[in-house]
Amino acid sequence: QVQLVESGGGLVQAGGSLRLSCAASGIIFSSNAMGWYRQAPGKQRELVASITSGGSTYHTDSVKGRFIISRDNGKNMVYLQMNSLKPEDTAVYYCKTFSYPNWGQGTQVPVSS
């Protein structure tokens with residue numbers, strides 16, 4: 001059974017930083033690409049960043065240079081370091097593997113101006 005548990009969210013001021021964590025279980029983590037998504041109020045869920053099993057990364061244009069995705073295969077963890085946060089980054093953030101349809105509960109990131 002695939003389980004994804006996100007943590008690390010919380011209220012932050014614009015310009016601040018947060019590090020989100022996602023613990024994955026029920027999958028062969030090291031063989032799976034992972035992604036971070038976000039859903040802002042009234043908007044569709046969007047892919048923010050992804051990382052392949054080999055460590056190649058993708059970051060959507062709006063977060064390039066500010067967010068960094070990484071993974072620790074020994075701990076079955078994927079991370080999203082978020083720097084220089086903006087009010088438009090306010091959303092619920094989710095992690096997901098591309099091989100399964102399961103979502104975690106998400107972690108809220110409100111960014112105040």
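These exercises look at Q81, S50 and a nonpolar core.

This is a predicted model, where local features need pLDDT of at least 70, side-chain atom pairs count only at pLDDT 80 or more, and totals for chains, interfaces and linings use all residues. Residues are numbered from 1 along each chain as its sequence is written, and side-chain values use heavy atoms, without hydrogens and water.

**Exercise 1.** Find the strand that holds Q81, and classify the exposure of Q81.

Step 1. Q81 sits in strand β8, residues 77-82. Strands are DSSP runs of E, at least two residues, numbered from the N terminus.

Step 2. The relative accessible area of Q81 is 27%. Buried means under 20%, exposed over 50%, and partly exposed in between (1.4 Å probe, protein chains only). Therefore Q81 is partly exposed.

**Exercise 2.** Classify S50 as buried or exposed, and locate S50 relative to Q81.

Step 1. S50 lies in strand β5.

Step 2. S50 has 13% relative accessibility, so S50 counts as buried.

Step 3. Q81 and S50 are 31 residues apart in sequence. Their C-alpha atoms are 13 Å apart in space.

**Exercise 3.** Name residues with the most contacts inside the largest nonpolar core.

Step 1. Such a core is a set of buried Ala, Val, Leu, Ile, Met, Phe, Trp, Tyr and Cys residues joined through side-chain atoms within 4.5 Å.

Step 2. The largest one has 27 residues. W36, F67, V78, L80, M82 and Y93 have the most contacts inside it.

Step 3. Strand β3 gives the largest share of this core, 4 residues.
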